[in-house]
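This report looks at aromatic pairing, nonpolar packing and one helix in the structure shown below.

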Amino acid sequence: MDASAAEGLTLDQLRLFLAVLDSGGFSAASRSLRRAQSAVSYGIANLERQLGVTLFDRSARKPALTPAGEELAAEARAVCAQVDRLRAKAHGIAEGVEPRLAVAVDHVFPLPALVAALRAFSETFPTVSLTLHTEVLGAVAEQVASGACSVGIGAAVPRWPEGVERRPLARVTMLHVAAKTHPLARLRGPLPSRVVRDHVQIVLADRSRLTSDFEIGVFSRRRWRVLDLTAKHALLRAGLGWGGMPLHVVADDLAKKRLVRLHIEEAGAPTFEAILFALHRTAEPPGPAARWLLERLGRGCSS
């Protein structure tokens, strides 16, 4: 193959090659592309001439890739994919889409909804580079305020940092639980404060200055603090204390009676809601990709 022939290759020829390969034949490709079969056959023959190799063995009823065709098919896919990424990136630049996005999400946000939203995000914004931070309590707001993250989804904090805008985005149902072997699990009715205060309460804490002394929802004099919801869940299941958890995290434990619900009298209702807020810096409103992701996360959490 000479250089002039290689330079004459077109993207349409490569897509035609892949269409024949993926559909399983020339006639099937002609139907999927809505082209005459003669045009498809001519296009492949012209591509083979320009490349100087035979791509398909036509001796059988159904064309099969030759060894050369197998090697070049991967290259053709890579070229087409790169062109698609180039077009998507150019479209994103024209629309003002952010080239990269850093997001902080509170640990209590439902993980399946987060994964589903990010899967859809990757399909809608394939050129946007994403960094995901999972934090607790005030660490989400602090990440946004510092500029480390463009947007965040975080719980309420006693002191919101300056320059951070917020709006309610989602609600997460919470409840208090303990292992079925825990002493509190054996008591009936609402549990008075004089009873719960002597049992270890496992609470979430973080390194954020915004919530270093945040004591809301703490009813025991004995406290174990953890920085991770997964660790808290494991300690509760092990019977090492009691505490509040998102319902979606412990639903299976409740159904299989590994954990039981507790009604803490001082807390009021047996279940309560944690409101999660969409956060961003006042000086830097979310761009198109961030707005799309926040809206999708809000819908995913409420569905």
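How many aromatic pairs does the count come to? In this predicted model, the count comes to six aromatic pairs. A pair of aromatic rings is described by the distance of the centres and the angle of the planes, and two of the pairs are set out in that way here.

| Ring pair | Distance of centres | Angle of planes | Class |
|---|---|---|---|
| Phe121 and Phe125 | 5.2 Å | 35° | tilted |
| Phe121 and Trp292 | 6.1 Å | 50° | tilted |

The pair of Phe121 and Trp292 links distant parts of the chain, since Phe121 lies in helix α6 (residues 111-124) and Trp292 in helix α11 (residues 288-302), with their positions 171 residues apart. Phe121 is buried, at a relative accessible area of 2%, and Phe125, at 12%, also counts as buried, whereas Trp292 has a relative accessibility of 21% and therefore counts as partly exposed, the cut-off for buried being under 20%. Elsewhere, ring pairs join Phe17, Phe26 and Phe56 into a cluster.

Phe121 appears again in the nonpolar packing. The largest nonpolar core holds 28 residues, and those that touch the most other members are Leu101, Phe109, Phe121, Ile153, Leu276, Leu293 and Leu297. Two or more residues of this core come from each of β3 (100-106), α6, β5 (151-155), β6, β11 (271-281) and α11, and α11 gives the most, with six residues. Ile153 can serve as an example: leaving aside residues up to four places away in sequence, Ile153 touches Ala104, Val105, Asp106, Phe109, Val140, Leu169, Leu276, Phe277, Leu294 and Leu297. Another core, of 17 residues, lies apart from the largest one and has Ala19, Val20, Leu55 and Cys80 among its members.

The last part of this report turns to helix α9. Which residues of helix α9 (residues 229-237) are buried? They are Leu229, Lys232, His233 and Leu236, and, seen down the axis of α9, these buried residues fall within an arc of 100°, so they line one face of the helix. The elements against which the buried residues of α9 pack are the strands β6 (164-179), β7 (201-204), β8 (223-226), β9 (243-246) and β10 (259-262), together with the helix α10 (247-255). At the start of α9, the backbone nitrogen of Thr230 has a side-chain oxygen of Asp228 within 2.8 Å, while after the helix comes Gly239, with a positive phi near 80°.

Conventions: Residues numbered from 1 in each chain as written. Predicted model: local features only at pLDDT ≥ 70, side-chain atom pairs only at ≥ 80, totals over all residues. Heavy atoms only, no water. Buried < 20%, exposed > 50% of the residue type's maximum accessible area, 1.4 Å probe, protein only. Helix = DSSP H or I, 4+ residues; strand = E, 2+ residues; numbered from the N terminus. Arc of directions from axis to C-beta. Contact = heavy atoms within 4.5 Å. Polar contact = N/O pair within 3.5 Å; in protein donor to acceptor, adjacent residues only side chain to side chain. Phe/Tyr/Trp six-rings, centres within 6.5 Å; stacked < 30°, edge-to-face > 60°. Core = buried A, V, L, I, M, F, W, Y, C linked by side-chain atoms within 4.5 Å.
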